[in-house]
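The exercises below go with the sequence and model shown here. Work through each task before reading its solution.

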Amino acid sequence: MRPSSLRSGFPVVLLAATLLLFCAAPMLKAQGEVIWSGLVYATNSPAPQPPPAQLARCAAQLTRVFGYNQFELINEQQRHMEDRKERWLLPGKEFSLRVSGEREEGSEYLFRLELYRKDRLLVRTKARLGAESPIAFRGPLYDRGQLIIVLLVK
Amino acid sequence: MKSLEERYNAWIDGELPEAEAARLEAELGGDPAALRAERQSIRHLGGLLREHLEAPALANAGFFNHQLMQRIAAQTPAPAPARPFWQRVGWRLALSTALGGAVAALALVALTRETTLPDTQPYQAHLMETEPGEPGISAVAIQAGDEKLAVVWIDGLDYVPADPKALTTGKHR
């Protein structure tokens, strides 16, 4: 190829790179989104321990809604989100959560969630989540308190 | 003291005194008769040049000069007009620069559009559909008032005895 041909083709290549970058930016960002889930043991204690860091932002909300003042994180898991790809979260003998997400406008996701206890489907729900805007599932009574499953996009 | 060239020219023209002429001929060396023949030949050539090669006088020198300058001007290429910057650097470079700027601007727009939302966005999780998975279980979606918290309130679940290991171990389904 002659140098002049290279020069004449350069603007086209640059334009293609521009379009590619513009289109790829949301995908790159989307791959950076993380969905976090935690299995929380909620109790009432006369001397409550501070909540774990992962729940620091929503502990007060959980207290007001569920009425418990202490939250322990029993299990947690986080995954990078990809459009329309199913993920299993909270692997355990008792509880598992199947999540498939679809990115919508901005940093919002439309999730399809299925909460299982062993092989039994407990609940199926569709929810729209934004960053740091959690969903909590009121789980069964456990020991001297209650289990809560928390899901949020980081 | 005159140089050899000056004395030689004076000797050719016959203007050198006899004593100096004799000294110069001795310096030049060779046959004196041959030297005098050479001097005579040079004088003859000078005479011919003065006689026959005199420049003809111009009848109208001013008109001749005017014509000459016009012909020189007609044959001299006109200087190229000054071109603008983008023509001088070449359209490819100008286009590449513009596209490079576009790349940077679009990348900035795309990245900032995707990275400036999270913490300041007053968005609340919203439950759209909720249904229980089996009879005997109820599931209700609750939007927790002013809280940025959506709750799926499940009732009818069996009590779970304390067994942390059962909650933390296992495999993906």
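**Exercise 1: a helix of chain B**

Task: Determine how many of the 15 residues of α4(B) are buried, and compare the helix's expected and actual span.

Solution. The count of buried residues (20 or more other C-beta atoms within 10 Å of a residue's own, C-beta atoms being placed from the backbone) among the 15 residues of α4(B) is zero, so the helix is hardly covered. Helices here are DSSP runs of H or I with at least four residues, strands are runs of E with at least two, and both are numbered from the N terminus. Next, take the length: α4(B) covers residues 61-75. The expected span is 1.5 Å times one less than the number of residues, which gives 21 Å for this helix. The end C-alpha atoms are 21 Å apart, in agreement.

This is a predicted model, in which local features need pLDDT of at least 70 and side-chain atom pairs count only at pLDDT 80 or more, while totals for chains, interfaces and linings use all residues. Residues are numbered from 1 along each chain as its sequence is written, and chains are lettered from A and ligands numbered from 1 in the order in which they are written.

**Exercise 2: the sheet**

Task: State the strand order of the six-stranded open sheet and identify its edges.

Solution. Start from chain A, which has two helices and eight strands in the pattern α-β-α-β-β-β-β-β-β-β. Strands pair if DSSP finds at least two bridges between them. The order is β2(A)-β1(A)-β8(A)-β7(A)-β3(B)-β2(B), with mixed pairing. The edges are β2 (70-80) of chain A and β2 (138-143) of chain B; each has a single partner strand, so one side of each lacks a neighbour in the sheet. Within chain B, β2(B) and β3 (residues 150-155) are antiparallel over six bridges, with B:Gln143 opposite B:Ala150.

**Exercise 3: the core**

Task: Which residues touch the most other members of the largest nonpolar core, and which element gives the largest share?

Solution. A nonpolar core is a set of buried Ala, Val, Leu, Ile, Met, Phe, Trp, Tyr and Cys residues joined through C-beta atoms within 7 Å. The largest has 45 residues, and A:Val40, A:Ile148, A:Ile149 and A:Val150 touch the most other members. β8(A) gives the largest share, seven residues. Now follow A:Ile148: beyond four places in sequence, its contacts (C-beta atoms, placed from the backbone, within 7 Å) include A:Val40, A:Leu62, A:Phe66 and A:Phe137.

Terms used:
A residue is buried if 20 or more other C-beta atoms lie within 10 Å of its own, exposed if 12 or fewer, and partly exposed in between; C-beta atoms are placed from the backbone. Two residues are in contact if their C-beta atoms, placed from the backbone, lie within 7 Å.
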